[in-house]
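Welcome! Please take a moment to look over the sequence and the model, and then we can walk through some of what they show.

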Amino acid sequence: MTERLYLTDRALRADVHVLDCTPQEDGRYAIRLSATPFHPQGGGQPSDTGWIAEVEVLRVLSESDGVVHYTTAPVAPGPAVALVDAQPRQLHARLHSAGHVIGQVITELGWKPTKAHHWPGEARVVGVAAPTEAAAQELAPAELERRCNALLAQDLPCVMAMQDGLRQIGFGDLPAYPCGGTHVAALGEIGQIRIQSVRIKKGEASVRYDVVN
């Protein structure tokens, strides 16, 4: 299985070893590495893109035999340099971390986050009213945005820990949750969270959001 460097290291460049390179019917090539800095698509966020030995990486997927990198051209087996494209990685990290912040805030308002989607242009956090005696509070977009950005202003550092074999991600003293995604080093890197809409239907709240500089 591929060693997933991105889980413990934010470095975008890594010396890797190309295990094999297989041509695909669509003209792409499937490459497996001994270790990878590329985050594959999944966990609510898109895959990283970038280059292996200067060959463009179009998409990265987690498959049964490890992490597979789909490229525009072949790369010979052996030592190579893998380089993640910094701009999309940072955007994905900002959106994913913003989703955690929104999840924290709606939790404080009596809602339990159940799922999230952190893709650019379609990011959202979904939650249900928490099963407690206290009623879930209204999720007014303006107030939700204010609370989120107040947390960003504290610039809390990302705290990563391993527990029972799972990576836990939190910020400052806020609760940590199992997560395999990429994140900012501190909340100030997110910029600002913009709450685009809040839709509540059949007891389920969907909060759509974006991040801006």
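Two strands count as paired if DSSP finds at least two bridges between them. Please keep in mind that this is a predicted model.

## A strand with two partners

Let's begin with β12, which spans residues 166-171. How many bridges join β12 to β13? There are two, and these strands run antiparallel; with the cut-off at two bridges, they therefore count as a pair. Strand β13 covers residues 177-178, and its Y177 sits opposite I169. The two strands make a hairpin with five residues between them. In that turn, G172 has a positive phi of about 60°.

The other partner of β12 is β11, made up of residues 158-163. Here the pairing is again antiparallel, this time over six bridges. Within it, V159 has G170 of β12 as its bridge partner. This pair forms a hairpin too, with two residues between the strands, and D164 in the turn shows a positive phi of about 55°.

Is β12 mostly covered or mostly open? It is mostly covered, since five of its six residues are buried.

## The nonpolar cores

β12 also helps to build the largest nonpolar core, a group of 30 residues. Among the elements that each supply at least two residues to this core are β12, α2 (141-153), β14 (192-201) and β15 (204-212). Which element gives the most? That is α1 (86-108), with seven residues.

Some members of this core stand out for their contacts. V101, I102, L144, I190, I193 and Y209 have the most contacts inside it.

There is also a second, separate core, which has 15 residues. Among its members are A14, L33, V67 and A82.

## Two cysteines without a bond

How many disulfides does a search of the whole structure find? The result is zero. Take C158, which lies in β11: the nearest cysteine sulfur belongs to C179 and is 8.8 Å away. Seen from C179, the nearest cysteine sulfur is that of C158, at 8.8 Å. A disulfide needs the two sulfur atoms within 2.5 Å, so this pair does not qualify.

Are these cysteines buried or exposed? C158 counts as buried because its relative accessibility is 17%, and the cut-off for buried is under 20%. C179 is buried as well, with a relative accessible area of 12%.

Definitions and conventions: Residues are numbered from 1 along each chain as its sequence is written. This is a predicted model: local features need pLDDT of at least 70, side-chain atom pairs count only at pLDDT 80 or more; totals for chains, interfaces and linings use all residues. Side-chain values use heavy atoms; hydrogens and water are left out. A nonpolar core is a set of buried Ala, Val, Leu, Ile, Met, Phe, Trp, Tyr and Cys residues joined through side-chain atoms within 4.5 Å. Buried means under 20% relative accessible area, exposed over 50%, partly exposed in between (1.4 Å probe, protein chains only). Helices (H or I, at least four residues) and strands (E, at least two) are DSSP runs, numbered from the N terminus.
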